[in-house]
Amino acid sequence: MSINILKENNVRNNRLNANALKKVKHISHISHNNENFYTYELIQSIAKFLLDRINIRPKIGIICGSGMGTIADSLTDRHIFPYETIPHFPVSTVPGHEGRLVFGCVNGIPIMCMQGRFHYYEGYPLWKCAMPIRVMKLVGVTHLLATNAAGGLNPDFEVGDIMIIKDHINLMGFAGNNPLLGVNEDRFGPRFPPMNKAYNKKLREAVHGAAKDLNMSSIVKEGVYSVIGGPNFETVAELNMLRICGVDAVGMSTVHEVITAHHCGMTVIAFSLITNKCVTNYDDHSEAKHSEVMEAAAERAPLIRSLVSKIVSYIDENHLICTDEIFSP
Ligand SMILES: O=P(O)(O)O[C@H]1O[C@H](CO)[C@@H](O)[C@H]1O
Ligand SMILES: Nc1nc2[nH]cnc2c(=O)[nH]1
């Protein structure tokens, strides 16, 4: 090929790339649901809105699962933001999710707590459900503690057990639905984040240690969580399929938050409260009910608060000094 043809090809390619980039720039603000993605600057403005109104600078974020809002109620020196008062925030629509961001302290350690999370089945795309995690990141949070209520699929699990999540199966991701959809924002993290170390091993061990101190080791298990989109609970056949795939507990949340947190370099620990045993045979006439999920959560509330308090102290004592991973916007 002559030098001239090569030059012409280069010019044409550059023009095509420029056009493609323009297009991508245009669509980068449009989601599959034809709504705006949150830009980095918008998330920054939400973080600033919050930081301008509080005195503490939390490094630990907590998400309260269904019926576990008392974790937030037990914080001291609270500053509460109902979601509807925060610019660009979605609102909570699920019973057992109060819908407030609560800043406060556990054992004197500053915390940013979501008293109520967002679920896909509420009609929000996953990137919107997970947006508060990015707000946490820009507020300065380095460690995320996510809790949820889940159905126990492992036959050894009982109602009231706590399952430390060691891994997940992102069923919604299999179908192409992911909180990281859209043009990647490099200031948060890489386009293709690995997920094999999403649930921090050291913190998982620390939770076992905390459970031992609290004399509750017999109810603390470890396992794989899987997310379905909801809002219906699973069929018998679906549950049997999930069990064959190695799932120990099933729910409708958390995975989008964990992916988003891990993507932006946060250290993650998560646990499920087993609020019901999954119905895996046709002769069992019991049915999953949200009211029972909430009752089981209320019953375990004091133990969960004690466990959370121990985990927070552990993170404070052992992890926050390690600042090399901390991201600066
Ligand atoms: O995962 P969290 O928010 O704890 O809630 C769980 O409980 C609800 C069903 O009872 C679903 O939303 C499920 O995901
Ligand atoms: N998907 C799902 N979510 C839950 N949340 C609490 N229990 C359950 C359950 O059995 N299935």
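Which residues of the largest nonpolar core touch the most other members? Keep that in mind while you open the model, which is a predicted one. Select I62, C113, L144, V207, V268, V308 and I311: of the 83 residues in this core, these touch the most other members. Now color the core by element, and you'll find that α10 gives the largest share, eight residues.

**Stop 1: I311**

Stay with I311 and show what surrounds it. Leaving aside residues up to four places away in sequence, I311 touches L145, A206, V207, A210 and I269. Three of those names, A206, V207 and A210, come back at the next stop, where they are among the buried residues of α7.

**Stop 2: helix α7**

Select residues 201-213, which make up α7. Try a quick sanity check with the distance tool: at 1.5 Å a residue, these 13 residues should span 18 Å, and the end C-alpha atoms are 19 Å apart, so the two agree.

Next, show the side chains of L203, A206, V207, A210 and A211, which are buried. Turn the view to look down the axis of α7: the buried residues fall within an arc of 140°, so they line one face of the helix. The spacing behind this is familiar: an α-helix has 3.6 residues a turn, so residues three or four places apart point the same way.

What do the buried residues of α7 pack against? Add β6 (162-170), β7 (220-227), β9 (267-277) and α10 (290-318) to your selection, and you have their packing partners. Then flip to the other side of α7, where K201, K202 and K212 are exposed. Before moving on, click on N215, which follows α7 and has a positive phi, near 65°.

**Stop 3: ligand 1**

Center on ligand 1 and bring up the 14 residues that surround it. The closest are G65, S66, N148, M252 and S253. Both β5 and α10 supply at least two residues each to this shell. Color by residue class and you get four nonpolar, nine polar and one charged.

**Stop 4: ligand 2**

Jump over to ligand 2, which has 15 residues around it; A149, G151, G251, A288 and V293 come nearest. The elements giving two or more residues to this shell are β5 (143-152), β8 (249-251) and β9. Which of them provides the largest share of the shell? Select β5, which contributes three residues.

Keep the class coloring on: the shell around ligand 2 has nine nonpolar, five polar and one charged residue, whereas the shell around ligand 1 has four nonpolar, nine polar and one charged.

Definitions and conventions: Residues numbered from 1 in each chain as written. Chains lettered and ligands numbered in written order. Predicted model: local features only at pLDDT ≥ 70, side-chain atom pairs only at ≥ 80, totals over all residues. Helix = DSSP H or I, 4+ residues; strand = E, 2+ residues; numbered from the N terminus. Expected span 1.5 Å × (residues − 1). Buried ≥ 20, exposed ≤ 12 C-beta atoms within 10 Å, placed from the backbone. Arc of directions from axis to C-beta. Contact = placed C-beta atoms within 7 Å. Near = placed C-beta within 6 Å. Nonpolar A, V, L, I, M, F, W, Y, C, P; charged D, E, K, R; others polar. Core = buried A, V, L, I, M, F, W, Y, C linked by C-beta atoms within 7 Å.
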